[in-house]
Structures are given as C-alpha cells and as structure tokens.
Amino acid sequence: MVELKTENRPMTALRLDHVSLRVGKHTILNDVSMDLPKGRVTALVGPSGSGKSSLLRVLNRLWDGVPRVRVDGSVWYGDTDLYAKRVDVSVVRSHIGMVFQRPTPFPKSIFQNIALPLGVYGAARSEIAGRVESALKTVGLWDEVSGRLNQSALTLSGGQQQRLCIARALAVEPTVLLMDEPASALDPKSRRRIDELILSLKDTVTVLIVTHHLDEARQVSERLGVLVNGRLVAFGETDAVFASQNDVVARYLSRHDEG
Ligand SMILES: Nc1ncnc2c1ncn2[C@@H]1O[C@H](COP(=O)(O)OP(=O)(O)OP(=O)(O)O)[C@@H](O)[C@H]1O
Ligand SMILES: [Mg+2]
C-alpha cells in the first residue's frame with residue numbers, strides 16, 4: 001500500500017493539476033489547477049451548480065465507483081497522485097476528511113461517533129477515550145456533552161451535531177479538512193462558532209471550505225478560488241481576488257454581495 005507523505009512538499013498540502021471531471025458527456029469541472037497551502041484556510045465560492053461540491057468530492061475520491069464518471073488530471077498529496085491505482089481510498093480519507101452541509105452523525109452515541117472511526121483507522125483501545133475527549137474539546141463541545149457521552153448523537157442540536165461531525169473528522173488527525181458549506185444549515189450563533197473553530201485550526205489543519213457567504217470567505221480564508229461553470233476563474237490571496245478587475249470575477253462578487 002502507498003503511504004501518503006507531504007514532507008517532500010513542505011508548503012503545499014494538496015495540488016490539483018489540470019483536473020477535469022466528466023459525468024457521461026457532461027463536463028462538470030474543466031481543467032482546474034490550484035494549490036492548497038499547508039495549514040491555511042482556502043475558500044471556494046461560485047454560483048450554484050458551478051461545481052464546488054463536485055470539486056471537494058474529487059479530493060477525497062467520493063466519485064469512486066459512480067457510473068460514467070471520469071476524472072482526468074492529477075491530485076498530488078506530496079509526491080503521490082491520489083488517482084494512481086495503488087492508492088487505497090481509505091488511506092486517502094484518513095488524510096483528507098470531509099464535513100458536509102447537513103450534519104451527518106451516525107445514529108449512535110456521542111462517544112461512538114468519534115470512537116468508531118478512530119478504531120477503524122487503527123487507534124489503540126487505550127488511547128480512544130482520551131482522543132474522543134480531546135476532539136470534543138477542540139470543537140468546544142466537551143463542556144456541553146461530557147455528562148451525556150452515551151446518549152444518542154441525534155439528541156444534539158443541529159449546531160452541536162455539526163461540531164460533533166467536525167470533531168469526528170478531526171479525531172483521526174487529517175492533514176486536510178474539506179468543508180462543504182458547513183454552517184449554512186445553522187443559526188447565526190452556531191455559524192459564528194464554526195467560523196471561530198475554522199480560524200482556530202490554522203497551522204494544524206489545511207482547510208478547504210465551500211461557502212455561499214462572501215463575508216465568511218473574507219473572514220476565514222487566506223486564499224480564495226472562484227469557480228464558474230466548472231472553471232476556476234480566479235485563485236489567489238483572498239484580498240487580491242476581492243479586488244480583482246477581471247469581469248467575470250467582479251461580476252460574480254458584486255452581484256453576490258447585493259443578494
Ligand atoms: N452525480 C451526478 N451526476 C451528474 N451530474 C451531477 C452529479 N452531481 C452533480 N452534478 C452536476 O454537476 C454540476 C455541479 O454540481 P455541484 O453540486 O458540484 O455544484 P455546486 O457548485 O456545489 O452548487 P451549490 O452551490 O448549489 O451547492 C451541476 O450541473 C450538477 O447538476
Ligand atoms: Mg454544493
């Protein structure tokens with residue numbers, strides 16, 4: 001099995017190199033190249049249907065096995081192309097975690113939600129309780145749930161469920177965390193907590209977040225990509241992209257601000 005290492009590229013966690021995604025004859029992503037700097041937050045914005053979620057799915061191989069799907073180009077993690085045949089998908093997902101728009105807790109206890117994936121990824125039994133506690137502390141949930149770890153995760157509020165899902169993804173210590181509109185189904189207070197949490201991950205985890213909120217992108221990200229019709233029409237320092245004079249980019253950013 002191929003081991004994944006990024007040490008050989010100390011500044012970059014993931015590099016997309018001319019990535020295209022087709023489903024049947026339909027091109028969903030068209031020749032996308034971008035780098036995710038290690039330990040930084042990169043945001044991805046763009047109109048509905050422009051391919052943002054599809055791009056995240058490419059990065060942890062969620063298209064594997066879907067009929068009529070073809071991924072071209074490369075996704076480099078260090079010197080390893082994640083689409084090379086010998087790379088095991090479970091290894092990819094232990095390094096690259098994902099959080100979805102709607103919270104997706106398992107219908108199990110709060111404790112088991114985090115302990116189960118830890119067990120799957122080979123954590124020793126003796127360290128599981130400690131790592132569950134530490135993951136819950138990272139997302140600020142420990143004080144809220146420490147007295148009810150054996151209750152079903154489905155008894156938590158939406159915002160708590162989403163923080164539990166982030167804790168679950170972080171517990172296996174991924175290098176990269178993909179977040180697909182992680183706060184859009186939540187109330188403003190829970191949204192702020194998620195944004196603060198994303199900022200607190202800086203330096204330890206590389207984050208790629210899709211959002212429809214430009215103010216959120218501006219607040220949490222250092223790099224910003226704009227995807228329109230499956231093409232990356234802008235990518236760079238967040239402030240520079242917001243200041244872009246490029247017609248397509250400026251039109252998207254200004255129209256979106258009004259709405
Ligand atoms: N499994 C699939 N099969 C075929 N086409 C798909 C599939 N999933 C997504 N698409 C198409 O790919 C395009 C991009 O969809 P995607 O969900 O990535 O957009 P998005 O930018 O995340 O949109 P939104 O902001 O609404 O979430 C759309 O035209 C969508 O219909
Ligand atoms: Mg989407």
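This is a short walk through the model, stop by stop, with what to select and what you will find there.

**Before you start**

The model is predicted, so local features are given only at pLDDT of at least 70 and side-chain atom pairs only at pLDDT 80 or more, while totals for chains, interfaces and linings use all residues. Residues are numbered from 1 along each chain as its sequence is written, and chains are lettered from A and ligands numbered from 1 in the order in which they are written.

**Stop 1: the hairpin**

Select residues 12–23 and 26–37, which are strands E1 and E2. Strands here (E, at least two residues) and helices (H or I, at least four) are DSSP runs numbered from the N terminus. Eight bridges join E1 to E2, and the two run antiparallel. Zoom in on Arg22 and you will see Thr27 as its bridge partner in E2. The two strands make a hairpin with two residues between them, and Gly24 in that turn has a positive phi of about 60 degrees.

Now add residues 69–77, strand E4, which is joined to E1 by seven bridges and also runs antiparallel to E1. Asp17 stands opposite Ser74 in this strand. Step back, and an open sheet of four strands appears in the order E2-E1-E4-E5, with antiparallel pairing; two strands count as paired if DSSP finds at least two bridges between them. Its edges are E2 and E5 (80–81), each of which pairs on one side only.

**Stop 2: Pro37**

Stay in strand E2 and pick Pro37. Which residues does Pro37 contact, leaving aside its neighbours within four places in sequence? They are Met11, Thr12 and Arg223, where contact is taken as C-beta atoms, placed from the backbone, within 7 Å. Pro37 and Arg223 are 186 residues apart in sequence, yet 8.6 Å apart in space from C-alpha to C-alpha. Pro37 counts as partly exposed because 14 other C-beta atoms lie within 10 Å; the scale calls a residue buried at 20 or more such atoms, exposed at 12 or fewer, and partly exposed in between.

**Stop 3: ligand 1**

Select ligand 1 and show its shell: Val23, His26, Ile28, Gly46, Ser48, Gly49, Ser50, Gly51, Lys52, Ser53 and Ser54. A residue belongs here if its C-beta atom, placed from the backbone, lies within 6 Å of the ligand. Colour the shell by class and you get two nonpolar, eight polar and one charged residues. For that count, Ala, Val, Leu, Ile, Met, Phe, Trp, Tyr, Cys and Pro are nonpolar, Asp, Glu, Lys and Arg are charged, and the others, Gly among them, are polar. E2 and helix H1 (52–59) each supply at least two shell residues, and H1 gives the most, with three.

Follow H1 away from the ligand: this helix lies across E1, E2 and E4, at about 65 degrees to E2. The angle, on a scale from 0 to 180 degrees, is between N-to-C directions of axes fitted to C-alpha atoms, for helices over the stretch in contact.

**Stop 4: the second sheet**

Next, display the open sheet of six strands, ordered E6-E7-E8-E3-E9-E10 with mixed pairing. The edge strands are E6 and E10 (231–237), each pairing on one side only. From one strand to the next, the twist averages 15 degrees.

Select E6 (residues 96–99): both faces are covered, with Ile96 and Met98 buried on one side and Gly97 and Val99 on the other. Four bridges join E6 to E7 (residues 176–180) in parallel, and Met98 stands opposite Leu178. E7 is joined in turn to E8 (residues 206–210) by five bridges, again parallel, with Asp180 partnered by Val210.

**Stop 5: the core**

Keep Leu178 selected. Among the residues it touches are Leu56, Leu59, Ile96, Met98 and Leu208. Leu178 is also, with Ala167, Leu177 and Ile209, one of the residues with the most contacts inside the largest nonpolar core, which has 66 residues. Such a core is a set of buried Ala, Val, Leu, Ile, Met, Phe, Trp, Tyr and Cys residues joined through C-beta atoms within 7 Å.

**Last stop: helix H3**

Finish at H3 (residues 110–120), where Ile110, Asn113, Ile114, Ala115 and Leu118 are buried. These buried residues pack against H4 (125–138), H5 (142–145) and H6. Just after H3, look for Gly122, with a positive phi of about 90 degrees.

Methods: Contact = placed C-beta atoms within 7 Å.
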